[in-house]
Amino acid sequence: MAPVFRAAEGGLFSCVEKADVGASYQELERQGVALMGWADPFMPDHSMPDFVEDAYAKAARRESAAHYTAPIGSPELKAEIAKKLRRQNGLDVDPERNILITPGSDSGLFFAILPFIQPGDEVIIPSPSYPNNFLDVRIAGGVPVAVELKAENGYQLDPEALQAAITPKTKMVLLTHPNNPTTTVFNRASLEALSKIIIDNDLVLVCDQAFEDFTYENEMITPAALPGMFERTVTVFSFSKGMGFSGLRVGYIVCCDSIMDPLFATAVAVVGATSTAAQQAATVALQNPGFMKQFETAYDKRRHRAVEILNSVPGVHVILPESGFLCWVDVSELGDSTEIAAYLTAEARVSVNDGKNYGQGGAGHLRIVLGVYRDDERVFAALESIRDALLRYKK
Ligand SMILES: Cc1ncc(COP(=O)(O)O)c(C=O)c1O
């Protein structure tokens with residue numbers, strides 16, 4: 001077995017609890033612990049809009065539901081995605097050539113990285129970052145190189161630090177934008193500097209935009225739309241976070257012809273095909289995205305309230321989340337984040353993520369998912385339990 005698989009932690013027989021998955025999570029739920037470590041909109045409550053649910057049910061009853069679409073995805077869905085890319089991302093692409101549908105964006109992300117990595121190649125990952133970024137690179141045989149995002153820079157990119165991390169082995173920058181866990185929406189200065197580095201050093205950018213939909217007062221720029229970047233960027237998108245149907249498993253990859261050509265050629269081996277009925281439901285959802293406004297209003301209210309509640313604890317520092325429904329909490333003045341996360345499960349009856357799961361710069365922090373439950377009050381009550389427990393916390 002390849003060493004990277006043998007060394008993987010968090011499996012059936014290891015005691016490590018991974019960031020946000022695992023049987024132990026179900027056990028916590030059974031015990032009545034509030035699960036605020038799982039980035040799944042409104043979980044465990046109803047999230048899929050009724051008209052999408054109806055479309056999905058109808059699609060499941062059609063004969064086609066029992067059959068594959070092409071491995072690269074349904075033409076109807078790709079046509080809708082092309083319209084969305086034009087209106088939301090500033091990308092004008094050919095749906096037949098530049099879009100590939102994937103069963104969620106986790107598999108899309110891995111597929112996007114795979115063609116560019118040979119053993120020993122280095123991938124720069126601005127961190128803290130989505131844990132799969134590190135694992136994907138390792139599974140592909142590459143070496144993740146973390147470049148730390150600093151709170152004092154608002155977690156924006158530091159071009160000098162990025163440039164300094166480049167070696168002859170560097171092949172790629174892997175960016176989660178907006179970032180999970182810090183929620184950072186990378187600004188124009190950051191992304192223009194990054195583009196220059198990518199172009200000057202002949203690198204590829206893989207940009208994961210799973211959290212692109214709710215960026216509040218921040219401008220969401222798609223790096224692939226910046227000058228000279230479309231040819232060098234593979235962008236990965238998801239229906240899970242913005243549209244609230246993670247369980248349907250639909251995502252997509254967007255890139256230029258020359259990168260897409262080998263992805264199309266290998267899609268059948270790597271992704272197989274995405275669920276036919278799920279693609280039909282996603283098509284209908286994209287035709288009527290207005291329902292997402294309601295999600296945004298809920299998350300917006302929650303992020304303001306979270307900052308208010310958590311910042312009232314001396315030694316705890318939270319900046320207003322810039323996107324989505326996560327909250328990145330600095331508890332380093334109180335103690336060790338692993339111990340604090342375990343303490344909160346026991347004392348506040350709330351499960352959150354230890355920042356150490358997110359790589360360099362993550363220690364001393366907690367990630368709290370504000371996007372759980374339909375009922376805002378339930379979220380606020382859980383945040384108040386966290387606050388009360390932290391006020392009692394002794395190192
Ligand atoms: C940053 C980021 N990218 C991608 C994903 C994968 O989402 P999905 O496979 O549901 O599209 C997640 C899920 O947590 C995520 O946080």
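**Exercise 1.** Which two helices each supply at least two residues of the lining of the second largest pocket, and where does this pocket lie relative to the two domains?

*Solution.* Before starting, note that this is a predicted model, in which local features need pLDDT of at least 70 and side-chain atom pairs pLDDT 80 or more, while totals for chains, interfaces and linings use all residues. Residues are numbered from 1 along each chain as its sequence is written, and side-chain values use heavy atoms, without hydrogens or water.

- Step 1: Helix 4 (75-89) and helix 13 (292-310) are the pair to look for (helices are DSSP runs of H or I, at least four residues; strands are E runs of at least two; both are numbered from the N terminus).
- Step 2: The lining has 16 residues, with Gln88, Asp213, Met243, Pro289 and Met292 nearest the pocket centre (a pocket is an open set of points on a 1 Å grid over the protein atoms alone, with protein on both sides within 12 Å along at least five of seven lines; lining residues have an atom within 4 Å of a point).
- Step 3: The space inside comes to about 270 Å³ (the volume filled by probe spheres on points joined across faces, edges and corners).
- Step 4: Seven nonpolar, three polar and six charged residues make up the lining (Asp, Glu, Lys and Arg are charged; Ala, Val, Leu, Ile, Met, Phe, Trp, Tyr, Cys and Pro nonpolar; the others, including Gly, polar).
- Step 5: Because domain 1 (3-32 + 291-392) and domain 2 (50-289) both contribute lining residues, the pocket lies between them (bounds from an automatic or database domain assignment).

**Exercise 2.** Which residues line the largest cavity?

*Solution.*

- Step 1: Searching the whole structure turns up one cavity of 30 Å³ or more (here a 1.4 Å probe fits but cannot get out).
- Step 2: About 30 Å³ of space lies in the largest cavity.
- Step 3: Around the cavity you will find Tyr155, Thr182, Thr183, Ile319, Leu320, Pro321, Cys327 and Trp328.
- Step 4: Sorted by class, this lining holds six nonpolar and two polar residues, and no charged ones.
- Step 5: Domain 1 and domain 2 each give the cavity lining at least three residues.

**Exercise 3.** Which of the 13 residues around the ligand come nearest?

*Solution.*

- Step 1: Ser105, Asp208, Ser238, Ser240 and Lys241 are the ones (the shell takes residues with a heavy atom within 4 Å).
- Step 2: The shell divides into three nonpolar, six polar and four charged residues.
- Step 3: At least two shell residues come from each of helix 6 (105-113) and helix 10 (240-243).
- Step 4: Now check distances to ligand oxygen atoms: a backbone N or O atom of Ser105 is 2.6 Å from one, a polar side-chain atom of Lys241 is at 2.7 Å, and a side-chain N or O atom of Asn180 is at 2.8 Å.

**Exercise 4.** Which peptide bond ending at proline 44 is cis, and where is proline 178 found?

*Solution.*

- Step 1: The Met43 to Pro44 bond is cis, with omega near 5°; Pro44 sits in the loop between strand 1 (34-35) and helix 3 (50-61).
- Step 2: His177 and Pro178 are also joined by a cis bond, with omega about -5°, and Pro178 belongs to the loop between strand 5 (170-176) and helix 9 (188-200).

Definitions and conventions. A polar contact is a pair of N or O atoms within 3.5 Å; within protein, one must be able to donate a hydrogen and the other to accept it, and residues adjacent in sequence count only if both atoms are side-chain atoms.
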